[in-house]
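Reader: Could you take me through this model and tell me what each label rests on? I will ask how you know as we go.

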Amino acid sequence: MPAQPVLSVKDLSMHFTARRGRHVIRAVDGVSFEIRRGEILGLIGESGSGKTTTGRLVVKLLSPTAGEILFEGRSITRAGRAETAAYRRRAQMIFQDPYASMNPRFRIRDVLREPLIIHRMGSNRSEREEMVRAALSEVKLVPVEDYLDRFPHMLSGGQRQRVATARTLILSPTLLVADEPVSMIDLSTRAEILSMMREVQRARALSYLYITHDISTARFFTDRLAVMYLGRIVEVGTADDIVDRPAHPYTRALISAVSEPSPGRVGTLRELPIRGEIPSAAAIPRGCRFHPRCIFATDECRTAPEPGLVPVGPGHQAACRRWKEI
Amino acid sequence: MADPVVVVRNLSLHYFTRRGPVRAVDDVSFELQRGETLGLVGESGCGKTSLGTALLAMPAPPGRIVAGRVMVEGVDILSLADEQVRRQVRWERISIVFQGAMNSLTPVLTIGRQMNETLQRHRKTPAAEARRIIEGSLRMVGLPPDVAGRYPHELSGGMKQRVVIAMALFLEPRVVVLDEPTTALDVIVQAQILNTIKQLKKTLDLSLIFITHDLATEAEVADRVLVMYAGRVAETASNEAIFGGGACHPYTKMLLAATPRLREKVSELAFIPGSPPDLLAPPAGCRFRPRCPVAFDKCGAEPPLSEIAPGHMAACWRCR
């Protein structure tokens, strides 16, 4: 196993101030993780957990208020202009809504050519055309002639997401941040897009940060999972650890809430081992931030300093002081 | 024993576009029994939402119901004048929670104000009485009554979804159509809302039509499933039959296989290759034929929906 991770995120925080500083929204609040070469790390959590903000920090669409991001051992948080430009080529993002992230007046050819022009890749027109064609066939939009001159609105959601993937691959990235890449695509074709993304990932030994609220696809798609809650990672482990042996009460609740296509539950209410809804990141509870929703919380959880991640198994960590007893 | 509250017969709804009629619902028949929850499933564009709007005689323009009958509690609603439907049927006997309705709440009015507006439009109610109804219906969907004084942006997605469900229940309808009521929500909130829906069904003695693309959600709430493909019914059966290995239509089987199961470890997830046909010009013969792995020469003719077991209908030559 290579010693150096592709990406390592250390104690990252993103605090937004609103209403002239009267409100501090702690969207990301001390997050650390690593991604190795060729690894897919899933970041799962509810809306408001800070997963999207974390993704945006990683590709430097935002600058963190604290903490550091290292890419192949070098700090990108403190990188200069030239280094940042190089990083922006090597770390690419795929957005949730492929339609909103493409110029509707660009033909697919132009959608794919634009990043080449921005990053000054390809020495002339015909070389760039070749790169565009190669990228389209890599995401299986073939024959490429059928797609080059179309506009984004003429494609299905799945095809658009393939174009979005091609647009990142054309820059030969090392790291891809994919934020809910299939959540707007019909269930029947989601697996097709994910399989394509994984094929590409294996062929190029890419590293992915896969951000999603959907644990079912995350289990299938990722190597490791990090569970985020209110700006923090509360549990991290292999996808199997997280689903089969969840240690944190929040992870347990998430998993118990997932429905399975089997009959016999009609009319029966499911007891969910969690209370209420996620609080605002502008008012993070003291003590363990999960305690108001936790069915196992004690006085200690409410008053003592917040628990950090502790090992609960090989390569498996959780941020709960009571994980052994519950 | 059979006591249908909704009977749909040979219903067709077409959208009259410049390029020609889009046959979103094409000769659909089914019944909803009293106290039953029917899950309407299929991919985007299969006609399930169009069918939902037809049940309230309110197709979205340029859609028009071109054939068929819809009986709601014995009333043939398509034979009534618009005004009569509005007064006697819609929201009184049958109501609908549209997909994404929670995002169409007005941001500038409090929840109470807009709930009152809806209530007054349908039934003139004195202020004190209206407040009682509004607070009662908020409580019914598990919200504190002080939500009435808040603005939509102060509520979470789950709370807004509860508000629109409460609004659909104002006039005490017997039948409620729910179109993807949990799709945009996080999994925990989703489970909480599904619990609320089941609870409401029991306490208010409702019959439900639950529209979703997600079979896992369908299995959670429904008694019976109706699978639509390209504007038609592909298969309908009890949930026990469909999820207990009795699915017969290849489309249903492929939908089932494409539904992820968290607790089963698989190395590959199945998907359905291709996409649903263009309903401007549906393929001749069986509409699923171009995507079907088991199509044979007989599929050049369109298979009728026929009973393959008691209460189990399928439109596939392979099921006979």
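Reader: What makes domain 1 and domain 2 of chain A separate units, and how far apart are their C-alpha centres?

Author: In this predicted model, those two centres lie 28 Å apart. The split itself comes from an automatic or database domain assignment, which gives 7-229 as domain 1 and 230-259 + 270-326 as domain 2 of chain A.

Reader: How do you know which residues of domain 1 and domain 2 of chain A are in contact, and how many are there?

Author: Residues count as in contact if their C-beta atoms, placed from the backbone, lie within 7 Å. By that rule, 27 residues of domain 1 of chain A meet 24 residues of domain 2 of chain A. On the domain 1 side, at least two residues each come from strand E2 (23-35), helix H8 (215-221) and strand E9 (224-229) of chain A. The largest share, 10 residues, belongs to E2(A). By class, that side holds 13 nonpolar, 8 polar and 6 charged residues.

Reader: And chain B: which stretches make up its domains?

Author: Domain 1 of chain B covers 4-93 + 173-319, and domain 2 covers 106-172. Their C-alpha centres are 29 Å apart. Here 13 residues of domain 1 touch 13 residues of domain 2 of chain B. Helix H6 (residues 187-204) of chain B supplies the largest share of the domain 1 side, with 6 residues. That side is made up of 10 nonpolar, 2 polar and 1 charged residues.

Reader: Why is the radius of gyration of chain B said to agree with that of a compact globule?

Author: For 320 residues, a compact globule would have a radius of gyration near 20 Å, and chain B has 20 Å, so the two agree. Along the principal axes, the C-alpha atoms of chain B fill a box of roughly 65 × 50 × 45 Å.

Reader: What makes strand E6 and strand E11 of chain B edge strands?

Author: Let's start with the sheet they belong to. It is an open, mixed sheet of 8 strands in the order E6-E7-E8-E3-E9-E10-E12-E11 (chain B). Strand E6 (94-97) and strand E11 (306-309) of chain B each pair on one side only, and that is what an edge strand is here. From one strand to the next, the twist averages 25°.

Reader: How do you know that E10 and E12 of chain B pair?

Author: Pairing requires at least two bridges found by DSSP. Strand E10 (residues 232-238) and strand E12 (residues 312-314) of chain B are joined by 2 bridges and run antiparallel, so they meet the criterion. As an example, Thr236(B) has Met313(B) as its bridge partner in E12(B). Helix H9 (residues 250-258) of chain B packs on this sheet, touching strand E9 (224-229) and E10 of chain B, and its direction makes about 105° with that of E9(B).

Reader: Which elements of chain B touch chain A, and how many residues does the contact take?

Author: The contact takes 44 residues from chain B and 36 residues from chain A. H6, helix H7 (215-221), helix H8 (239-246) and H9 of chain B each give two or more residues. H6(B) gives the most, with 10 residues. The chain B side has 20 nonpolar, 13 polar and 11 charged residues.

Reader: What confidence values come with the model, and with chain B?

Author: The model scores ipTM 0.87 and pTM 0.91. Chain B averages a pLDDT of 94, and 100% of the residues score at least 70.

Methods: Residues numbered from 1 in each chain as written. Chains lettered and ligands numbered in written order. Predicted model: local features only at pLDDT ≥ 70, side-chain atom pairs only at ≥ 80, totals over all residues. Contact = placed C-beta atoms within 7 Å. Helix = DSSP H or I, 4+ residues; strand = E, 2+ residues; numbered from the N terminus. Nonpolar A, V, L, I, M, F, W, Y, C, P; charged D, E, K, R; others polar. Axes fitted to C-alpha atoms, helices over the stretch in contact; angles between N-to-C directions. pLDDT = per-residue confidence, 0-100. Rg over C-alpha atoms; globule rule 2.2 N^0.38 Å.
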